[in-house]
Amino acid sequence: MTQVDIAILGAGAAGLFCAGSALSQGKRVLVLDHARRPGEKIRISGGGRCNFTNLATARDRFLSQNPRFAASALSRFAPQDFVALVDRAGIAWHEKALGQLFCDGKATQITDMLLRRMAGAELWLETSVADVARDGDGFVVQTDRGIVRAGRVVVATGGKSIPKMGATGIGYEIARDFGLRQVETRAGLVPLTFAEQDLSLCKPLAGVSVEAEVRCGKTSFREPLLFTHRGISGPSILQISSFWEAGAELRIDLCPGKDVAAELKQARSTAGRVNVATALGRLLPDRLSQAVTAEIGLSDARLADQPNKRIEALGARVNGWQVRPVGTEGYRTAEVTLGGVDTRDLDARTMQARDVPGLYFIGECVDVTGWLGGYNFQWAWASAHAAGLDLR
């Protein structure tokens with residue numbers, strides 16, 4: 001049997017950060033994870049360079065049944081606070097579009113920084129947790145390395161996304177065992193898939209990327225869109241996927257900021273001898289312009305021969321493509337899990353379960369999900385910091 005003051009379940013972004021924040025004189029902190037290496041999602045994030053935060057972090061960049069819940073933790077640990085840690089660690093970084101911050105070098109620099117920050121805590125890898133139960137004023141954690149008795153327990157086990165990296169959803173099971181409510185989970189920040197009849201356009205275009213504005217209801221994002229063999233992906237689609245629900249229609253502008261019909265009419269008056277696909281190719285990637293014109297029977301047609309009605313139909317097809325996805329690629333490729341432990345059962349300031357003193361939930365397993373672009377890491381740091389301060 002092992003006796004500790006604090007047991008943190010999960011050696012991902014939230015768990016490692018919480019361990020560093022919770023360290024204090026005389027306290028024994030133990031972090032457990034079934035993976036062979038800590039911080040696996042950190043390692044693969046941002047194309048291997050870790051999009052570790054976003055300078056535009058605000059409450060409205062997060063989805064939750066209670067949108068105000070995240071505000072407390074986010075206000076007390078801001079992106080600039082994490083950047084300060086990165087700077088002190090000597091990690092070079094750069095800003096990309098929309099406030100996204102990335103390491104200049106490898107993402108593992110962030111993991112190494114977190115491990116140094118939690119020096120003094122113990123880390124048990126390749127250790128599976130089977131059960132967590134009350135034991136007097138503390139808890140008993142059943143592991144395949146034996147029993148761990150802990151005064152307090154932090155659940156930082158992540159969600160269900162990317163199961164090949166070991167995601168299990170055990171955090172939700174622990175929450176249920178202690179009577180905490182759950183918000184139904186589903187894949188978020190995930191590619192969308194089409195029915196066979198809608199794939200006739202996408203399949204030949206697999207690999208083609210275009211700037212697009214994608215709208216679902218009142219929500220829209222303007223970022224790149226990527227055609228795939230199964231449907232559509234890319235940042236704009238990953239973003240909208242968190243708002244899309246089964247049966248909903250998307251409206252996609254493949255040439256945002258330009259009135260395609262007006263542009264083609266103008267081109268008709270000055271260069272009418274070119275064919276329609278060539279003229280459209282000045283506004284869209286060539287493969288996409290060829291595919292769209294072929295779809296409406298204008299492959300070899302001259303622009304000069306097209307009446308306004310045909311040009312307007314083509315413009316509407318490009319500026320207002322309407323499509324109804326049949327689903328998503330699921331947790332296999334999802335970057336995050338939407339839903340999770342209901343925030344009504346957690347203290348927003350400390351992340352502690354309201355009715356289970358000493359039990360905390362942080363990071364992805366909580367019903368707080370950020371947009372694409374570093375927001376979910378910022379939630380991991382902020383929620384972990386909130387819990388860590390209370391654990392000291």
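**Exercise 1. Place helix H4 against the strands of this predicted model.**

Task: Which strands does H4 lie across, and at what angle does H4 run to E3?

Solution.
- Step 1. Find the strands under the helix. H4 lies across E3, E5 and E6.
- Step 2. Take the direction. H4 runs at about 140 degrees to E3.
- Step 3. Order the strands. E3, E6 and E5 form an open sheet of 3 strands, in the order E3-E6-E5, with antiparallel pairing.
- Step 4. Mark the edges. E3 and E5 (93–95) are the edge strands, and each pairs on one side only.
- Step 5. Add the twist. From one strand to the next, the twist averages 25 degrees.
- Step 6. Check one pairing in detail. E5 and E6 (residues 100–103) run antiparallel and are joined by 3 bridges. Glutamate 95 stands opposite leucine 101 in E6.

**Exercise 2. Describe the packing of H4 and H5.**

Task: How do the axes of H4 and H5 cross, and which residues meet?

Solution.
- Step 1. Recall the two descriptors. Packed helices are described by the angle between their axes and the distance between the axes.
- Step 2. Apply them. The axes of H4 (residues 79–88) and H5 (residues 108–117) come within 10 Å. They cross at roughly 90 degrees.
- Step 3. Classify the angle. Angles of 65 to 115 degrees count as roughly perpendicular. H4 and H5 are therefore roughly perpendicular to each other.
- Step 4. List the contacts. H4 contributes Phe82, Leu85 and Val86. H5 contributes Ile110, Met113, Leu114 and Arg117.
- Step 5. Sort the residues by class. The contact of H4 with H5 has 6 nonpolar, no polar and 1 charged residues.

**Exercise 3. Trace the sheet of 7 strands.**

Task: What is the strand order of the open sheet of 7 strands, and which strands stand at its edges?

Solution.
- Step 1. Write the order. The sheet runs E17-E16-E13-E14-E15-E12-E18, with antiparallel pairing.
- Step 2. Read off the edges. E17 and E18 (327–328) each have a single partner strand, so one side of each is left without a neighbour in the sheet.
- Step 3. Follow E16 (residues 250–253) to one neighbour. E16 and E17 (residues 321–323) run antiparallel, with 3 bridges between them. Isoleucine 252 stands opposite tryptophan 321 in E17.
- Step 4. Follow E16 to E13 (residues 209–216). This pair is antiparallel and joined by 3 bridges. Glutamate 213 has aspartate 253 in E16 as its bridge partner.
- Step 5. Move along to E12 (residues 192–193) and E15 (residues 231–233). These strands run antiparallel, joined by 2 bridges. Leucine 192 stands opposite isoleucine 232 in E15.

**Exercise 4. Work out the setting of serine 64.**

Task: Is serine 64 buried or exposed, and what does its side chain reach?

Solution.
- Step 1. Locate the residue. Serine 64 lies in the loop between E4 (62–63) and H3 (71–76).
- Step 2. Test burial. The cut-off for buried is under 20% relative accessible area. Serine 64 has 18%, so the residue is buried.
- Step 3. Find the polar partners. The side chain reaches the backbone oxygen of aspartate 367 at 2.7 Å. A polar atom of that side chain also lies 3.1 Å from the backbone nitrogen of asparagine 66.
- Step 4. List the contacts. Not counting residues up to four places away in sequence, serine 64 touches Thr343, Asp367 and Val368.

**Exercise 5. Compare with threonine 57.**

Task: Where is threonine 57, and which residues is it in contact with?

Solution.
- Step 1. Locate the residue. Threonine 57 sits in the loop between E3 and E4.
- Step 2. Find the polar pair. A polar atom of its side chain lies 2.6 Å from the backbone oxygen of asparagine 54.
- Step 3. List the contacts. Neighbours within four places aside, threonine 57 is in contact with Phe62, Leu74, Pro79, Tyr375 and Gln378.

**Exercise 6. Examine two positive phi angles.**

Task: What phi values do cysteine 50 and isoleucine 162 have, and where do they lie?

Solution.
- Step 1. Take cysteine 50. Its phi is positive, about 60 degrees, although it is not a glycine. Cysteine 50 lies in the loop between H2 (40–44) and E3 (51–54). Cysteine 50 is buried, with a relative accessible area of 0%.
- Step 2. Take isoleucine 162. Its phi is positive, about 55 degrees, and it is not a glycine. Isoleucine 162 lies in the loop between E10 (146–155) and H6 (170–177). Isoleucine 162 is buried, with a relative accessible area of 11%.

How values were computed. Residues are numbered from 1 along each chain as its sequence is written. This is a predicted model: local features need pLDDT of at least 70, side-chain atom pairs count only at pLDDT 80 or more; totals for chains, interfaces and linings use all residues. Side-chain values use heavy atoms; hydrogens and water are left out. Two strands pair if DSSP finds at least two bridges between them. Helices (H or I, at least four residues) and strands (E, at least two) are DSSP runs, numbered from the N terminus. Axes are lines fitted to C-alpha atoms, for helices over the stretch in contact, and angles run from 0 to 180 degrees between N-to-C directions. Angles under 35 degrees count as roughly parallel, over 145 as roughly antiparallel, 65 to 115 as roughly perpendicular and the rest as oblique. Contact means heavy atoms within 4.5 Å. Ala, Val, Leu, Ile, Met, Phe, Trp, Tyr, Cys and Pro count as nonpolar, Asp, Glu, Lys and Arg as charged, and the others, Gly among them, as polar. Buried means under 20% relative accessible area, exposed over 50%, partly exposed in between (1.4 Å probe, protein chains only). A polar contact is a pair of N or O atoms within 3.5 Å; within protein, one must be able to donate a hydrogen and the other to accept it, and residues adjacent in sequence count only if both atoms are side-chain atoms.
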